[in-house]
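Let's take a walk through this one, starting at the surface and working inward. Keep the 3D view open as you read.

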Amino acid sequence: MAIMKLLDTIHKGKASGDHVLVLSIDIKEQEVLNTCEGPAIRDQKQGCPQGSCSGPALWNLVANEILQDNWPINTSIQAFADDFVLVSHAPTRVQLESQINESIAKFSTWTSKNQLQISAEKTNYLLISKLVRGSTIRWQGERIKRAHAIKYLGIYIDEKMNWNTHLKAQSTRATQLYHNLLKIAGKFWGVPLNHRTTLFKTVTERVLAHGSVAWCLEPTVRIARKLSTIQRSFLLAISGAYRTTSTAALQVILGIPPLHLQLQKEARGTALFKLRLPLSTNVSDIDPSEIEEKATGWSTRPSEHLSPTQISLDDGGNINTGLRIYTDGSKTEKGVGAAFCVLTDVNITHRWSTRLSLRNTVFQAEILALLKAVEHAVTLPTQQLTILVDNQASINSAANPKSHNSIARKIFKLLHSHPYIRVS
């Protein structure tokens, strides 16, 4: 919940178009010894003893004072135990520096009052902005360093919010676990297969799943590819298979699902049932299997064909009058999408768009957009109109009466029964 609250605060600042600054504060762990000459303070080098019954309650009384204080505009504070983080956003660098320095002064007053010390060398800030030069932030005269990524509750948040740094850290941890597994399991000796699988599911997968609700709710193609690379080495160690064996085959043989799907499942379950967070609703309700379905049987009668004037591979970009429908489909690391818009002269009169599964291809997105455009054109009053497509493969498929693509067949039948619809 703490990391999700922090990300929500950051996204709100970015949505307003401001520069966002995240300051991670490290409080020194100290031990107070009562001596005959008074209390003596010694810095902790290897952590503090845990398990005190009254410790958390007493700390909450101390921390609640600063958490309930009034903070500058567009500035908020949150904490998990002794891990504090300040988030501030502003439209200009000067205003951002003013807000964060005022917040630091307030926090410094609280630490002095409660005899706490800040580790300035471990305290750093993250600037999520297009500004090249960072802000000048000082803590009791000592300058705070700017970092490209900060670690909060085991999750690395980088300045581009693309989770590159976190995935690199996860890969490093996985490599260590992989080498530990090789010490006890070889291809022909060591821990049995079922025990290796259990170790992977209960140790490695649990380590990699840490904080997945924050970064794996909607895994991109890049994240899925990276997680597949991490998982592959463990699958080879578990199965003892040749290194040329494909990752998909290893997953099927061992009955272990792809890592990004497993983490996405757990992340969504946590978001829905534990955090009560609403999931994104912009995912298409179109079944991906329906798009990928292959048509069977006879496509159409041999005598049925489209009019030569209905299908054209010539550039129709010079058409600027009358009713036109523009379609498009694309695929990036963020997802797959299909869309079309209707133009009457120079005015957009209708729009449609949808988001598809990451496993769908550009061609599938393009031909789906063409289908939806034709279906919409059929509902319009009978008139001469042109559907403009920027994908030649989808036009050829839709015009082919022997196509085995189920969507292409639907388009062909609609165009054949409505000859006034032209595709270019």
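Ile184, Leu199 and Val203 make a nonpolar surface patch of about 200 Å². (Patch residues have over 30% relative accessible area and no salt bridge, meaning no Lys or Arg side-chain nitrogen within 4 Å of an Asp or Glu carboxyl oxygen, and nonpolar side chains are joined within 5 Å; areas are Shrake-Rupley with a 1.4 Å probe.) This is a predicted model, where local features need pLDDT of at least 70, side-chain atom pairs need 80 or more, and totals for chains, interfaces and linings use all residues. Residues are numbered from 1 along each chain, and side-chain values use heavy atoms, without hydrogens or water.

Val203 sits in helix α5, residues 193-208 (helices are DSSP H or I runs of at least four residues). Val203 is partly exposed, at 36% relative accessible area, while Thr204 is buried at 5% (buried is under 20%, exposed over 50%, partly exposed in between). Thr204, also in helix α5, touches Leu177, Leu199 and Phe234, leaving out residues up to four places away in sequence (contact means heavy atoms within 4.5 Å).

Now for the inside. The largest nonpolar core has 47 residues, with Ile3, Val22 and Trp215 among those with the most contacts inside it (a core is buried Ala, Val, Leu, Ile, Met, Phe, Trp, Tyr and Cys residues joined through side-chain atoms within 4.5 Å). Helix α7, residues 221-239, gives the largest share, eight residues. Domain 1 (1-158) and domain 2 (164-275) both contribute, so this core lies between them; the bounds come from an automatic or database assignment. Apart from this core lies another, of 31 residues, including Leu356 and Tyr420.

Methods
Buried < 20%, exposed > 50% of the residue type's maximum accessible area, 1.4 Å probe, protein only. Helix = DSSP H or I, 4+ residues; strand = E, 2+ residues; numbered from the N terminus. Patch = residues over 30% accessible without salt bridge, like charges linked within 9 Å, V, L, I, M, F, W, Y side chains within 5 Å.
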